[in-house]
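Please load the model in the viewer and set it to a plain cartoon representation. The tour below proceeds by selection, and each stop states what is found there.

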Amino acid sequence: TQQPTLFPYTTLFRSSDHGDYFGDHQLLWKGPLHYQGVTRVPLIWFDPRAAGGGGCSDALCSTLDIAPTVLERAGCMPYNGIQGRSLMPLMAGQAWDREAVLIEEEGQRVMFGFPARTRMRTLQTARWRLSVYEAAEWGELYDLREDPHECHNLWADPAHAERRTALMHEMLRQMIRCADH
């Protein structure tokens, strides 16, 4: 196959909409459980006109941020109601103040013992992951600093009830922010 010609001003990016479990938690492929192996996917951005030699960031970003980034890089205004934020300031080394990202799951089939297709929402911060399922009274709460492999679900732990409530409130704010305008 012939490789595409890269013009001097071409910006390239590569990403994915999800990762795979590949054995994490004894699971393969992907599914409606938002372990880090599924939700933390790389984004590679190459811009030959950008100054500097590149870098890497652990900042909280979303696939929703790709469209505003591409539009800004192309010199276009984002359309009214666009979700996400341009990553151009982050890539330029400027402060990035996002403290949480919302992940939404609208499953297409019944899995993992749920009574219907899985519908869930996850709030991810630098330290915490909170997941709420439509058809379950339980949820997931993990302290990613103390438990990076997500082995100890703190959802029902009374010592973390305030944290769970605060994260639920932030999840609601994020859902409102992401609602269609």
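Begin by selecting Cys-151, which counts as exposed because its relative accessibility is 54%. The model in view is a predicted one. Add Cys-76 to the selection; this cysteine is partly exposed, with a relative accessible area of 39%. A further cysteine to display is Cys-56, located in the loop between β2 (44-46) and α2 (66-73). Cys-56 is exposed, at 78% relative accessibility. From Cys-56, draw a C-alpha distance to Leu-43: the two positions are 13 residues apart along the chain and 9.8 Å apart in space. How many disulfides does the chain contain? The count comes to zero, with a disulfide taken as a pair of cysteine sulfur atoms within 2.5 Å.

**The chain as a whole**

Clear the selection and colour the cartoon by secondary structure. Four helices and six strands appear. Followed along the sequence, these elements run in the order β-α-β-α-α-β-β-β-β-α. The chain has 181 residues, of which 33% count as buried.

**The loop before α4**

Return to the neighbourhood in sequence of the starting point and select Glu-150, in the loop between β6 (139-143) and α4. Is Glu-150 buried or exposed? Its relative accessible area is 3%, so Glu-150 is buried, the limit for that class being under 20%. The backbone of Glu-150 also deserves inspection: phi is positive, at about 55°, although the residue is not a glycine.

**Aromatic rings**

Next, show the side chains of Tyr-133 and Trp-138. A search of the whole structure yields one aromatic pair, and these two residues form it: their ring centres lie 4.9 Å apart and their planes meet at 45°, so the pair is classed as tilted. Such a pair is described by the distance of the centres and the angle of the planes. The two partners fall into separate accessibility classes: Tyr-133 is buried, with a relative accessible area of 3%, whereas Trp-138 is partly exposed, at 43% relative accessibility.

Two further tryptophans are found beneath arginine side chains. Select Trp-155 together with Arg-164, and the arginine is seen over the face of the ring, 4.8 Å from the ring centre. Then select Trp-96 with Arg-85. Here the charged end of Arg-85 sits over the ring of Trp-96, at 4.1 Å from its centre.

**The second largest pocket**

Keep Arg-85 displayed, as this residue leads to the next stop. The second largest pocket has a volume of about 340 Å³. It is lined by 19 residues, and those closest to its centre are Arg-85, Arg-98, Gln-174, Arg-177 and Cys-178. Which elements each supply at least two residues of the lining? They are β3 (100-106) and α4 (161-178). The largest share, four residues, comes from α4. Coloured by class, the lining shows seven nonpolar, six polar and six charged residues.

While helix α4 is in view, select Arg-173, which lies within it. Arg-173 is partly exposed, with a relative accessible area of 43%. Its C-alpha atom is 9.7 Å from that of Leu-102, although 71 residues separate the two along the chain.

**From Arg-98 to Ala-126**

Now centre the view on Arg-98, one of the residues closest to the centre of the pocket just visited. Arg-98 is in the loop between α3 (88-91) and β3. At 16% relative accessibility, this arginine counts as buried.

From Arg-98, draw a C-alpha distance to Ala-126. The separation is 9.7 Å, and the two residues are 28 positions apart along the chain. Ala-126 occupies the loop between β4 (119-125) and β5 (128-133). Where Arg-98 is buried, Ala-126 is exposed, at 70% relative accessibility.

The last selection is Ala-59. Its C-alpha lies 8.1 Å from that of Ala-126, while the two alanines are 67 residues apart in sequence.

How values were computed: Residues numbered from 1 in each chain as written. Predicted model: local features only at pLDDT ≥ 70, side-chain atom pairs only at ≥ 80, totals over all residues. Heavy atoms only, no water. 1 Å grid on protein atoms, 1.4 Å probe; cavity = no way out; pocket = protein on both sides within 12 Å on 5 of 7 lines; lining within 4 Å. Points joined across faces, edges and corners; volume = space filled by probe spheres on them. Nonpolar A, V, L, I, M, F, W, Y, C, P; charged D, E, K, R; others polar. Phe/Tyr/Trp six-rings, centres within 6.5 Å; stacked < 30°, edge-to-face > 60°. Buried < 20%, exposed > 50% of the residue type's maximum accessible area, 1.4 Å probe, protein only. Lys NZ or Arg CZ within 6 Å of the ring centre and 35° of its normal.
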